[in-house]
Amino acid sequence: MRIRVFDTPDAAAAYAVALVEQTAAVYAEPVLGLATGGTMIPFYKALVQAVRQGLDLSRAWAINLDEYVGLGAEHPQSCAGFMREHLYRHVPWDGARAHIPDGCAPDLAAECRRYDRLLATHPVHLQFLGIGLNGHIGFNEPGDELVAETHLVELSETTIRSNARFFRDPGEVPRRAITMGVGGILRAERVVLLAFGEQKAEVVARALTGPITTRLPASLLQLHRDVTVLLDTAAAQKIR
Ligand code: F6R
């Protein structure tokens, strides 16, 4: 595991984009695993800038981690809406190569299986992750067990409270989501975890240096052979 600490989220985001550039230089059809959330905003901003300056992602695949159940792609607070706002509105992307679970699919279990087939045929080269305040990755919430494959999850109260900041009415935050499982995440060739701000410092330190436990899903990343962690100084302050 490589841990890199930057003065600002923007500096970390620039490094993350350099990793995309490296991957795009190696693979004709790079497969990027993408996340949503506040942490990812500087990264998408820098990625858009890089594409405007010539980075060619026209043959790249974008496979998102998760989506809320019950929010359609047109809903601004859905993960699809987030991706549209921060990436696809700025960078033309072949719709056939941009994937997010369908949180409104009539058969959600079948949608999870469909997503796993997509992941099997398009193994992720570079997986971006944020980390929840409770240590979740994707929407794999802490518990006695974790699920390897894409599945339906009940969001924890911590996650619902934290994500309420993106909704006009906090009561609107969905209580369930579809998420790639920890198996899907750990199968990515390379993983990049980003975390910024003091409020993430404690969970980052526990995830990177504490015991590996299903009670802190991000701690499983210690088992992956190619993880790069990009932090700002505030998020890194509790790592000993
Ligand atoms: C979202 C996702 C989540 C977020 C995490 C951090 O697609 O997978 O795991 O990365 O909740 O969210 P922020 O960045 O808003 O703190």
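This report describes the annotated domain, the two sheets and one helix pair of a predicted model.

## Annotated domain

An unreviewed UniProt entry assigns residues 10-226 the feature "domain: Glucosamine/galactosamine-6-phosphate isomerase". In the model, 34% of this span is helix and 14% is strand. The C-alpha atoms at the two ends of residues 10-226 are 23 Å apart.

## The parallel sheet

Strands of a sheet pair through backbone hydrogen bonds, and the pairing can be parallel or antiparallel. Both kinds of pairing are described below.

One open sheet consists of seven strands with parallel pairing. Read across the sheet, the order is β1-β10-β9-β6-β2-β3-β5. Its edges are formed by β1 (2-6) and β5 (98-99), each of which pairs on one side only.

Within this order, β2 is followed by β3. Strand β2 covers residues 31-34 and strand β3 covers residues 61-64. The two run parallel and are joined by four bridges. L32 has A62 of β3 as its bridge partner.

## The antiparallel sheet

A further open sheet has three strands in the order β4-β8-β7, and here the pairing is antiparallel. The edge strands are β4 and β7, each pairing on one side only. From one strand to the next, the twist averages 25°.

Strand β8 (residues 176-179) pairs with strand β4 (residues 66-68) over three bridges in the antiparallel sense. In this region D66 has T179 of β8 as its bridge partner. Strand β7 (residues 151-154) also pairs with β8 in the antiparallel sense, over four bridges. L152 stands opposite I178 of β8.

## Packing of helices α1 and α2

Two packed helices are described by the angle between their axes and the distance between those axes. For helix α1 (residues 9-26) and helix α2 (residues 41-52), the angle is about 50° and the axes are 8 Å apart. Because of this angle, α1 is oblique to α2. The crossing of α1 past α2 is right-handed.

On the α1 side, the contact is made by P9, D10, A13, A14, A16, V17, V20 and E21. On the α2 side, the contributing residues are P42, F43, K45, A46, L47 and A50. By residue class, the contact of α1 with α2 contains 11 nonpolar residues, no polar residues and three charged residues. Under this classification, Asp, Glu and Lys count as charged; the contact includes D10 and E21 of α1 and K45 of α2.

Conventions. Residues are numbered from 1 along each chain as its sequence is written. This is a predicted model: local features need pLDDT of at least 70, side-chain atom pairs count only at pLDDT 80 or more; totals for chains, interfaces and linings use all residues. Axes are lines fitted to C-alpha atoms, for helices over the stretch in contact, and angles run from 0 to 180 degrees between N-to-C directions. Angles under 35 degrees count as roughly parallel, over 145 as roughly antiparallel, 65 to 115 as roughly perpendicular and the rest as oblique. A crossing is left-handed if the near helix is turned anticlockwise from the far one by less than a right angle, and right-handed if clockwise. Two residues are in contact if their C-beta atoms, placed from the backbone, lie within 7 Å. Two strands pair if DSSP finds at least two bridges between them. UniProt positions are given in the numbering used here, feature names are shortened, and annotations may be inferred rather than shown by experiment.
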